[in-house]
Amino acid sequence: MPLLEVKNLSVQFRTDGGLQPTVTDVSFSLERGEMLALVGESGCGKSVTCMSLARLLPEPPVVLSGEVLLDRGPEHGGVADVLQLGERALRQVRGGCISYIFQEPSVSLNPVFRVGDQIAEAVRLHRKDVSDPFEEAVELLRQVGIPDPANRAKQYPHEMSGGMQQRVMIAMALGCAPSILVADEPTTALDVTIQAQILDLLLSLKKDRGMAVILVTHNLGIVAELADRVAVMYAGRIIETAPVAELIAHPIHPYTSALIRAVPVLGGEHNRLNTIRGTVPSPDKFGRGCRFCDRCEYADSLSEEQRRLCREEPPRLRELVPSHACACHFPPGLTAGKEA
Ligand code: SF4
């Protein structure tokens, strides 16, 4: 069984207007040592999906359904559905199995404690075998590339740059010895040169430690460089998933094709940037059928009967070529004879 298997995960928010379907029927798996990228525009449900894996969102107002099957290892009871776990087991999953780093490290770090103490606390909570957690914190700072780690461990977050703070967050996540690291837009708030350093660090941690990584990003350039597999999300659903090279070279779904066309090319021959018309609908405007319907330029070329199907029937995610699945009634990127 994979390290993580998510089956038909749905996340709804209870509001005055009723239940809002923020994430619907999301299924994916993650192997040991694999980097899976969750891609899409803001508001597509990427972060909500990731936070639901360790049930970080308050329930209620959040209502979860489906299964999140996680292999916690033999010492912690093996495979369990995270959505069914009690508080105590859930505390072990948070950090011990799944650790997170977020976009803004300055918000996640506690300003009144030295960074070494904050990392040591994570080590103390999750690794009973470590005799000196502060010494381990210094070692983790060294592993994430912080120079002079013994002295840096005694500093407070405000004495560090944004890039340095993100390295501290990664060291803290590693301090829990997780099997999965969720990196939610980890470089969006950083300068471009620092972004590259942090991404390199994530890649080397994945390789050296065999750690599985879920990378949440809206940046397809980053995905092409780092990820093994990609799942594209739109309006709370996964609409296409494939190995990264296959998805970039042969996108099938109109939304994925539009996302790839929208990536600016340095020195490209076109002066105008390609955009996708309209915006991602809010959950109360999702409608019955394909949620991309209002923005789909390809649908303009379809017959009225075909467009009716797009509007009224939600397309299922199905494997159209080996390892490449797409949720579209009339997949334009599928060349004749390629379907499995
Ligand atoms: Fe476009 Fe229809 Fe496919 Fe949706 S199902 S992406 S509207 S062609």
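The questions and answers below walk through a predicted model, from its sheets to its ligand site.

Biologist: In what order do the strands of the four-stranded open sheet run?
Modeller: The pairing in this sheet is antiparallel. Neighbouring strands are turned by 10° against each other on average, direction ignored. Read across the open sheet, the order is β2-β1-β4-β5.

Biologist: Which strands of that sheet have one side left without a neighbour, and why?
Modeller: Look for strands with a single partner strand. They stand at the edges, so one side of each has no neighbour in the sheet. The two are β2 (18-30) and β5 (79-81).

Biologist: How many bridges join β1 to β4?
Modeller: β1 covers residues 4-15 and β4 covers residues 62-71. The two run antiparallel. V6 stands opposite V68 in β4. The bridges between these strands number eight.

Biologist: Which residue in β5 does L69 stand opposite?
Modeller: β4 and β5 pair in the antiparallel sense. Three bridges hold that pairing. Across from L69, in β5, is D81.

Biologist: At what angle does helix α1 run to β1?
Modeller: Helix α1 spans residues 46-53. It lies across β1, β2 and β4. Its angle to β1 is about 110°.

Biologist: Where are P60 and P61 found?
Modeller: Two cis peptide bonds involve these prolines. One joins E59 and P60, with omega about -20°. The other joins P60 and P61, with omega about 15°. P60 and P61 are both found in the loop between α1 and β4.

Biologist: What is the strand order in the eight-stranded open sheet?
Modeller: Pairing here is mixed. The edge strands are β6 (98-101) and β11 (318-321), and each pairs on one side only. Neighbouring strands are turned by 25° against each other on average, direction ignored. The order is β6-β7-β8-β3-β9-β10-β12-β11.

Biologist: Do β3 and β9 pair in the parallel or the antiparallel sense, and what stands opposite A37?
Modeller: β3 holds residues 35-39 and β9 holds residues 229-234. Four bridges link them, in the parallel sense. Opposite A37, in β9, stands V230.

Biologist: Which strands does helix α7 touch?
Modeller: Helix α7 covers residues 162-175 and packs on the eight-stranded sheet. Its direction makes about 175° with that of β6. The strands touched are β6 and β7.

Biologist: What is the phi of E185?
Modeller: E185 lies in the loop between β7 (180-184) and α8 (192-209). Its phi is positive, and the residue is not glycine. The value is near 45°.

Biologist: Where does the ligand sit?
Modeller: Start with what surrounds it. The neighbours include H253, P254, C290, F292 and C293. Also among them are C296, Y298, L302, C310, C328 and H329. The ligand's place is the largest cavity.

Biologist: How many charged residues are in the shell around the ligand?
Modeller: Sort the shell by class. Nine residues are nonpolar. Two are polar. The charged count is none: no charged residues.

Methods. Residues are numbered from 1 along each chain as its sequence is written. This is a predicted model: local features need pLDDT of at least 70, side-chain atom pairs count only at pLDDT 80 or more; totals for chains, interfaces and linings use all residues. Side-chain values use heavy atoms; hydrogens and water are left out. Two strands pair if DSSP finds at least two bridges between them. Axes are lines fitted to C-alpha atoms, for helices over the stretch in contact, and angles run from 0 to 180 degrees between N-to-C directions. Contact means heavy atoms within 4.5 Å. A residue is near a molecule or strand if one of its heavy atoms lies within 4 Å of it. On a 1 Å grid over the protein atoms alone, a cavity is a set of points where a 1.4 Å probe fits but cannot get out, and a pocket is an open set with protein on both sides within 12 Å along at least five of seven lines; lining residues have an atom within 4 Å of a point. A molecule sits in a cavity or pocket if more than half of its atoms lie within 2 Å of its grid points. Ala, Val, Leu, Ile, Met, Phe, Trp, Tyr, Cys and Pro count as nonpolar, Asp, Glu, Lys and Arg as charged, and the others, Gly among them, as polar.
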